[in-house]
Amino acid sequence: MVASRTNKEERTKIYSYLTMIAIIMAMSGSFLSSYIIKAFPKNYYYYLFDIAIALSLFSIILLFFISEKPDKFNYKADFMPKKKKSAKNISKVAIAGLFGSLGLGIVLPLLPLYFKHIGANDYEISIIYDLSYMATSIALLLSNKLQHVFGYIKSILILRSIGSLPLFLIPLIHSIVIDAGIYILRTAFYQAALPIRQNVSMELYSPEERSRGSSITGIARRLPYGAATTIGSILFQIGMYFIAFFAASIISFLDPILYYLFFKEIDNKNKLILN
């Protein structure tokens, strides 16, 4: 919907702002959860889930007040101009994203358990996530500037690499402060690539196939993420933390590498446009 109403020169900035708003609201929810955990230490889960349900229902109701005109597909995408020729690009984006989700799924859903393992309590874990939201909000402001300096694909490569590789350091350092710092910084860098990647994806798909492409690539990310969590939970249960984090680091690093190999020519094609 956003892609059809914007051009690629401004789209990364718009995606950054939209993502930042979402993160600020998530951060507000995280602050609220921190307060509830402190105020009701014995049964805070009940309050958290009740509030989450109420807010989710409210957000659904708000959708009924959004009105829009149907899209008219009468223009060309710059990177993929021919109609209904997006299958190859959709497949490439899906393959790259698959490895990213497969790697991150091994440890990220289980990270609170690891933080508890090295001595953090629920309140401290909540603060770590608060700080990661704050760092990500700041990093998102740099997305548009980075793509002008390095180009679309190189920016994704740099940001996602920094967001993936440091994961293997976490089990080597048994300090909640340092481990939390690594997690916060890698999260900020990893998420800062998202608006740029969304922008590129919308140009790689022909306009009438953008919804289908987003759906396919979304499935390619989410299914491996869930399967990887099962593997990660087994590794955590038997105490093989380093193996889990090392595998997560290397496998998720394949995402930016493959993305760069698949689409590196885009930067050269768009230097004239950006400058």
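Here are a few friendly notes on the structure above, which is a predicted model.

1. **Overall fold.** Start with the helices: the chain has 12 of them, and the number of strands is zero. Following the sequence from start to end, you meet the pattern α-α-α-α-α-α-α-α-α-α-α-α. The radius of gyration of the chain is 20 Å, close to the 19 Å given by the globule rule for 275 residues, so the chain is as compact as a globular protein of that length.

2. **Dimensions.** If you picture a box drawn along the principal axes, the C-alpha atoms fill roughly 60 × 45 × 30 Å.

3. **Inside and contacts.** Of the 275 residues in the chain, 43% are buried. Now take the contacts between residues at least 6 apart in sequence: 86% of these join residues at least 24 apart.

4. **Surface and charge.** About 15,100 Å² of the chain is exposed, and 69% of that comes from carbon and sulfur atoms. As for charge, there are 28 positive side chains and 16 negative ones, with the centres of the two sets 7 Å apart.

5. **A residue to look up.** Try finding arginine 197 in helix α9, which covers residues 194-204. Is arginine 197 buried or exposed? Its relative accessible area is 8%, and buried means under 20%, so arginine 197 counts as buried.

6. **Its surroundings.** Which residues is arginine 197 in contact with, leaving aside neighbours within four places in sequence? They are Val93, Ala96, Gly97, Ile156, Arg160, Asp255 and Tyr259.

Terms used
Residues are numbered from 1 along each chain as its sequence is written. This is a predicted model: local features need pLDDT of at least 70, side-chain atom pairs count only at pLDDT 80 or more; totals for chains, interfaces and linings use all residues. Side-chain values use heavy atoms; hydrogens and water are left out. Helices (H or I, at least four residues) and strands (E, at least two) are DSSP runs, numbered from the N terminus. Buried means under 20% relative accessible area, exposed over 50%, partly exposed in between (1.4 Å probe, protein chains only). Contact means heavy atoms within 4.5 Å. The radius of gyration is taken over C-alpha atoms; the globule rule is 2.2 Å times the number of residues to the power 0.38. Accessible areas come from the Shrake-Rupley method with a 1.4 Å probe; for residues, only the protein chains shown count as cover. Lys and Arg count as positive and Asp and Glu as negative; His and the chain ends are not counted. The place of a charge is taken as NZ of Lys, CZ of Arg, CG of Asp or CD of Glu.
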